[in-house]
Protein chains: 2
Amino acid sequence: MLPGRCVVELLYDVVSPYSYVGFEIMTRCSREWSNMDLKLRPVLAGGIFKGLGIDHTKFVNTKFSPTSESRARYNQMEIKRFATHYDVPFNHPADFKSYQRRGSLRAQRLVKAVQIDHPERLEDISRSLSQRVFINDLDIYEDDSLLQACTKIGFSQLESSNLLKRISDEDVKTSLKSSTEKAVKEGVFGVPTYFLIDRTGEKEMFFGSDRIFMIAHRLGENWMPNTR
Amino acid sequence: MLPGRCVVELLYDVVSPYSYVGFEIMTRCSREWSNMDLKLRPVLAGGIFKGLGIDHTKFVNTKFSPTSESRARYNQMEIKRFATHYDVPFNHPADFKSYQRRGSLRAQRLVKAVQIDHPERLEDISRSLSQRVFINDLDIYEDDSLLQACTKIGFSQLESSNLLKRISDEDVKTSLKSSTEKAVKEGVFGVPTYFLIDRTGEKEMFFGSDRIFMIAHRLGENWMPNTR
């Protein structure tokens with residue numbers, strides 16, 4: 001067990017299903033665990049693949065090997081079962097590939113804009129966008145969709161349209177780009193990724209929504225939180 | 001929680017690292033849990049890939065996408081950390097690719113021969129072979145290696161050499177082939193795979209050494225067993 005207070009950095013993208021589930025579990029843990037501060041680090045999943053030289057359009061347009069129909073069928077079932085186990089509301093969007101095709105660049109820039117202008121609302125806007133996809137099967141690409149994600153969590157019309165304008169600003173674009181490039185340099189290859197940082201600054205990396213139990217173990221915290 | 005006594009079928013291959021760790025965790029659970037019978041089902045991992053039309057030599061000789069150096073580095077660390085968490089002895093073989101290149105056909109046939117001729121020793125021979133690879137970095141391909149795996153667990157010289165001869169017998173070969181083909185038909189795409197079968201015969205599939213906690217949850221059994 002690590003001594004002293006620790007930080008967990010969560011690297012996530014609102015359009016990734018396991019990232020969404022991992023986000024929900026981790027934010028819940030952060031409310032229940034006394035020994036940890038959670039730091040949300042939005043990144044662009046597509047940008048990570050690009051940074052690694054992986055053509056992520058292959059995920060959408062072609063089968064990538066090694067895979068199979070069996071695995072695809074299992075994965076479809078597993079994400080739902082996994083989310084249910086942790087009591088995270090989850091529905092499969094009817095056409096998830098359409099979300100992948102459009103990507104999360106605009107959505108993650110909105111997340112970044114909120115992080116910069118209203119840092120206390122970062123968790124809420126991230127959840128609002130993910131829930132559109134994974135609960136309500138609603139777009140997160142069009143202007144109206146992004147505005148709705150903002151007003152849903154209590155931003156006024158004016159605040160929401162200001163945030164929407166912000167996604168075209170250089171500082172917001174650059175901030176998302178730098179976060180993503182930094183992640184690639186740190187060895188990140190997908191989301192969700194968790195960095196557990198102890199009080200000496202020592203960093204340990206965990207990939208996947210299914211490795212949080214190890215972080216709990218390191219912190220001497222209870223596992224599992226609120227399972228059915 | 002499932003009512004009544006259940007069966008868990010564990011599909012595994014002694015040369016797969018996560019399969020080995022999943023085997024160790026599950027056999028330990030089976031000794032501690034009162035509500036479950038464990039049924040070991042050796043299969044040929046390479047045969048599953050072949051059955052799915054996946055060229056598994058690509059795993060050995062080339063990079064398959066999507067992957068990266070970052071991911072490979074992480075995986076190398078993660079399997080060891082995962083095994084350590086569950087108190088399963090694990091060392092990386094110096095050249096794991098050489099094991100993959102030789103494959104586990106002869107080893108899994110030996111496992112099958114033991115399953116047929118000495119079913120009560122099935123768990124032991126499986127562990128004996130996996131431990132050669134993942135503790136002692138010893139070959140599981142040559143005749144002498146297979147003989148040693150047998151004598152190590154108390155088979156006599158005569159029994160061991162009889163078992164070695166058995167791996168060329170048609171019934172042993174056919175048995176491994178049928179098990180593997182049956183697995184592919186059941187939707188299996190890799191090892192370890194667990195089928196949880198309730199008393200009505202209902203089957204639920206779990207893939208991966210990191211999903212046993214869900215089986216525990218279904219069975220109402222304690223999780224986690226003997227972690228450090």
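Contact here means heavy atoms within 4.5 Å. The model is predicted, and the contacts between two helices of chain B are taken up at the outset.

Helix H6 (residues 105-117) of chain B packs on helix H10 (residues 170-185) of chain B, with the axes 9 Å apart and at an angle of about 105 degrees. H6(B) is therefore roughly perpendicular to H10(B). On the H6(B) side, the residues that take part are B:Leu105, B:Gln108, B:Arg109, B:Lys112, B:Ala113 and B:Ile116. They meet B:Asp171, B:Val172, B:Lys173, B:Ser175, B:Leu176 and B:Ser179 in H10(B). By character, the residues of this contact between H6(B) and H10(B) comprise 5 nonpolar, 3 polar and 4 charged.

Helix H8 (residues 143-152) of chain B contains the buried residues B:Ser145, B:Leu146, B:Leu147, B:Ala149 and B:Cys150. The buried residues of H8(B) pack against H6, H7 and helix H9 (157-166) of chain B. Just after H8(B) comes B:Gly154, with a positive phi of about 100 degrees.

Aromatic pairs number 26 over all chains. One of them is formed by B:Phe96 and B:Phe134, whose ring centres are 5.8 Å apart and whose planes make an angle of 45 degrees, a tilted arrangement. This pair connects distant parts of the chain, since B:Phe96 belongs to helix H5 (residues 96-102) of chain B and B:Phe134 to helix H7 (residues 122-134) of chain B, with these positions 38 residues apart. B:Phe96 has a relative accessible area of 22% and is thus partly exposed, the lower limit of that class being 20%. B:Phe134, with a relative accessibility of 1%, is buried. Elsewhere, A:Tyr18, A:Phe82, A:Tyr86, A:Trp223 and B:Phe213 make up one aromatic cluster, with members from chain A and chain B.

Charged side chains also lie over aromatic rings. In chain A, A:Arg121 is placed over the face of A:Phe155, 5.2 Å from the ring centre. In chain B, B:Arg106 has its charged end over the ring of B:Tyr141, at 5.7 Å from the centre of that ring.

B:Leu11 is a residue of strand S1 (residues 6-12) of chain B. Its relative accessibility is 0%, so B:Leu11 counts as buried. Apart from neighbours within four places in sequence, the residues in contact with B:Leu11 are B:Arg41, B:Val43, B:Ala183, B:Val188, B:Val191, B:Pro192, B:Thr193 and B:Phe195. The C-alpha atoms of B:Leu11 and B:Gln76 are 23 Å apart in space, and the two residues are separated by 65 residues in sequence.

Two of the residues in contact with B:Leu11, B:Val191 and B:Pro192, are joined by a cis peptide bond with omega near 0 degrees. B:Pro192 is located in the loop between H10 and strand S3 (193-197) of chain B. In chain A, the peptide bond between A:Val191 and A:Pro192 is cis, with omega about 0 degrees. A:Pro192 lies in the loop between helix H10 (170-185) and strand S3 (193-197) of chain A.

A:His92 is situated in the loop between helix H4 (69-85) and helix H5 (96-102) of chain A. With a relative accessibility of 30%, A:His92 is partly exposed. Leaving out residues up to four places away in sequence, A:His92 touches A:Gln76, A:Ile79 and A:Lys80. A:His92 and A:Glu159 are 67 residues apart in sequence, and the distance between their C-alpha atoms is 31 Å.

Positive phi values also occur in chain B in residues other than glycine. For B:Asp87, phi is near 60 degrees; this residue is in the loop between helix H4 (69-85) and H5 of chain B and, at 37% relative accessibility, is partly exposed. For B:Asp137, phi is near 55 degrees. B:Asp137 occupies the loop between H7 and H8 of chain B, and its relative accessibility of 34% makes it partly exposed.

Methods: Residues are numbered from 1 along each chain as its sequence is written. Chains are lettered from A and ligands numbered from 1 in the order in which they are written. This is a predicted model: local features need pLDDT of at least 70, side-chain atom pairs count only at pLDDT 80 or more; totals for chains, interfaces and linings use all residues. Side-chain values use heavy atoms; hydrogens and water are left out. Rings of Phe, Tyr and Trp (its six-membered ring) pair if their centres lie within 6.5 Å; planes under 30 degrees apart count as stacked, over 60 as edge-to-face and the rest as tilted. Helices (H or I, at least four residues) and strands (E, at least two) are DSSP runs, numbered from the N terminus. Buried means under 20% relative accessible area, exposed over 50%, partly exposed in between (1.4 Å probe, protein chains only). A charge sits over a ring if NZ of Lys or CZ of Arg is within 6 Å of the ring centre and within 35 degrees of the ring normal. Axes are lines fitted to C-alpha atoms, for helices over the stretch in contact, and angles run from 0 to 180 degrees between N-to-C directions. Angles under 35 degrees count as roughly parallel, over 145 as roughly antiparallel, 65 to 115 as roughly perpendicular and the rest as oblique. Ala, Val, Leu, Ile, Met, Phe, Trp, Tyr, Cys and Pro count as nonpolar, Asp, Glu, Lys and Arg as charged, and the others, Gly among them, as polar.
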